[in-house]
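Colleague: Could you take me through one part of this model in some detail? I'd like to see how it fits in with its surroundings.

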Amino acid sequence: MISTQAWADARRLWDYHQMGHALRPCSVAVGLGSHDLGVADTAVDLYERGMAPLLVFTGATSRTTRDRMPRGEAVHYRERALERGVPASAVLVEPHARNTGENIRFSKAVLEEAGVDVSSVLLISKPYEERRAYATARKLWPGVEIVSASTPMTFDEYVDSIGDARLVIDMLVGALQRLLIYPEQGFMISQSVPGHVLQAYERLCREGFTSRLLHTDTAST
């Protein structure tokens, strides 16, 4: 049973994780690999709208995607894009990244090797990963403008799409924890977290939404 307070706190985290960037045409769109093929579909939608002339899909496999995407997240994303009519010449694949930092660094290297001049990146992730992806890219890909994007949906719609409300809240809490601790480890830029978001995070931790937390002292605050 999830309390009314926990639902409200989860929505506060959801809203904070969304960057709310205005979409605009960029040099390239980078789709971050995950279990969610919606990232690939959103990348194609934005390509069709003229928001980027080139797509890069990045990601190997993980414990949660190994069975569903045996050829690798980026490869399955590419296949989805080609099925939807994107020409092969407009898609690059980076099949080795296993975390967000590697997604950014390896995609940057693929584009450099291909001789693509990049001044702006349309960075496409799962909805609750927008801010984490943005903060990571700002740290590891300086000198380019980062525009965050994800599949447009509400918190309730995302919960329905996953089918496991507790897991979604756990993921929101885990993503927030990383925003708090990763800047000190050099993985991303530091961002201001409003007090009401921190309080919501702390209440959710106390209520046991902790399966996606890293084992650090910060996670228990």
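Which strands does helix 3 lie across, and at about what angle does it run to strand 3?

Modeller: Keep in mind that this is a predicted model. Helix 3 lies across strand 1, strand 2 and strand 3, and it runs at about 165° to strand 3. The helix itself covers residues 73-83, and together with strand 2 and strand 3 it makes a β-α-β unit that is right-handed.

Now for the strands under discussion. Strand 2 (residues 55-58) and strand 3 (residues 91-94) run parallel and are joined by 4 bridges. One pairing to click on is Val 56, whose bridge partner in strand 3 is Leu 92. Val 56 also stands opposite Val 30. That brings in strand 1 (residues 28-32), which pairs with strand 2 over 4 bridges, again in the parallel sense.

Zoom out a bit and you get an open sheet of 5 strands with parallel pairing, ordered 3-2-1-4-5. Strand 3 and strand 5 (145-149) are the edge strands, each pairing on one side only. From one strand to the next, the twist averages 25°.

For a counterpart to helix 3, have a look at helix 2 (residues 38-48). Helix 2 lies across strand 1, strand 2, strand 4 (120-124) and strand 5, and runs at about 140° to strand 4. So much for the neighbourhood; back at helix 3, the strands to keep on screen are strand 1, strand 2 and strand 3.

Notes. Residues are numbered from 1 along each chain as its sequence is written. This is a predicted model: local features need pLDDT of at least 70, side-chain atom pairs count only at pLDDT 80 or more; totals for chains, interfaces and linings use all residues. Side-chain values use heavy atoms; hydrogens and water are left out. Two strands pair if DSSP finds at least two bridges between them. Helices (H or I, at least four residues) and strands (E, at least two) are DSSP runs, numbered from the N terminus. A crossover is right-handed if, with the strands pointing away from the viewer, the path from the first strand over the helix to the second runs clockwise. Axes are lines fitted to C-alpha atoms, for helices over the stretch in contact, and angles run from 0 to 180 degrees between N-to-C directions. Contact means heavy atoms within 4.5 Å.
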